[in-house]
Amino acid sequence: MEDKKNKAVCFGEVLWDIFPGEQKRVGGAPFNVAYHLSRMGVETHMISSVGDDQLGHDLLQKMKNWNISTEHIQINTEYPTSTVIASMDENNDAHYDIVENVAWDFIDTTNADEEILNKADVLVFGTLAARNETSKNTLFHLLELSSYNVFDINLREPYYEISMIKDLLHKADLAKFNKAELRMMLDFLGKTYTNEEDSIHYLQDQFDLQEIIISKGSKGALYADKDDFYLYPTIPVTIKDTVGSGDSFLAGFLSKKLEKGSSVDETMIQAVSLGAFITSQEGACPEYTVEDFNRFKSEYPLSALK
């Protein structure tokens, strides 16, 4: 039987982010997670689609240059490769104009995708790729085949429906929210926010969901595994930009969690450290090696908040 150790699949959007006054950058939340998982030494497969156009060919070449498999990227001859116009506000936070009817809106189910899911340890997905019926149906089919489903909520106005988010939460084994998304989710469910612990227990009960991560920006990150809560501080770094910091955090978390014998402490330190490391650099997918990251991690030792 093939070794399943450290094999991840990410599903959803791959695209070019067009930032003001500079070159385009490969992006898409699930792709960012895939990039960092790959950098952390996890065999990672991206299920998505690009157009049969220059942007699509460029994107595939970029993935190959990064040694990320393109085997599960479909080529769509009817719809173009996705581009997103990004703008930065005064807080250095990015806002996106996400064009519809692009290749990743039409990801089909394939035998090869089903096979890789049967061998994978984790499937990572968000809400955006489920905005179109074709990709949504493919995602729900793949969720049934996966042994561990990780839902990175990533709400992008106006591309989500509450009923669909609820359906996805019911399929998730772990869900990751930021503070704003947690509040929004409670509002959707008609639940008054009292405190984080109460909110998390409510979501766990509603969706039979054991694991929840809340990323809290400057206030660190919280991981709940049923009744056990683990809070970690943020690392004080000079922020270059926040694009993709949550994606790198999740990749750090999963890369360590997939290692046999890893403790929650090791897993959360890896997550917070990788998120901070990427925030201190330009872009969601900067070039770096594991050695670069480990050097950063040793410079900023971290321990849980009591």
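The nonpolar cores and the enclosed space of this predicted model are described here.

The largest nonpolar core contains 54 residues. Within this core, Phe31 and Leu254 touch the most other members. Among the elements that contribute to the core, helix H9, which spans residues 264-279, gives the most, with eight residues. A second core, of 44 residues, lies apart from the largest one; Ala120, Phe125, Ala172 and Met185 are among its members. The surroundings of Leu254 were examined further. When residues up to four places away in sequence are not counted, Leu254 touches Leu37, Val122, Val124, Tyr148 and Val150.

Enclosed space was then considered. Rolling a probe the size of a water molecule over the atoms shows where empty space is left. A search of the whole structure yields one cavity of 30 Å³ or more. The volume of the largest cavity is about 50 Å³.

The lining of the largest cavity is formed by Glu13, Ala29, Pro30, Val33, Val124, Phe125, Gly126, Thr127, Leu128, Asp152 and Asn154. Two or more of these residues come from each of helix H1 (29-39) and strand E8 (122-125). Helix H1 gives the most to the lining, with three residues. By residue class, the lining consists of six nonpolar, three polar and two charged residues.

Some residues appear in more than one of these descriptions. Val124 is touched by Leu254 and also lines the largest cavity. Phe125 belongs to the core of 44 residues and is likewise part of the cavity lining.

Note on methods: Residues numbered from 1 in each chain as written. Predicted model: local features only at pLDDT ≥ 70, side-chain atom pairs only at ≥ 80, totals over all residues. Heavy atoms only, no water. Core = buried A, V, L, I, M, F, W, Y, C linked by side-chain atoms within 4.5 Å. Buried < 20%, exposed > 50% of the residue type's maximum accessible area, 1.4 Å probe, protein only. Helix = DSSP H or I, 4+ residues; strand = E, 2+ residues; numbered from the N terminus. Contact = heavy atoms within 4.5 Å. 1 Å grid on protein atoms, 1.4 Å probe; cavity = no way out; pocket = protein on both sides within 12 Å on 5 of 7 lines; lining within 4 Å. Points joined across faces, edges and corners; volume = space filled by probe spheres on them. Nonpolar A, V, L, I, M, F, W, Y, C, P; charged D, E, K, R; others polar.
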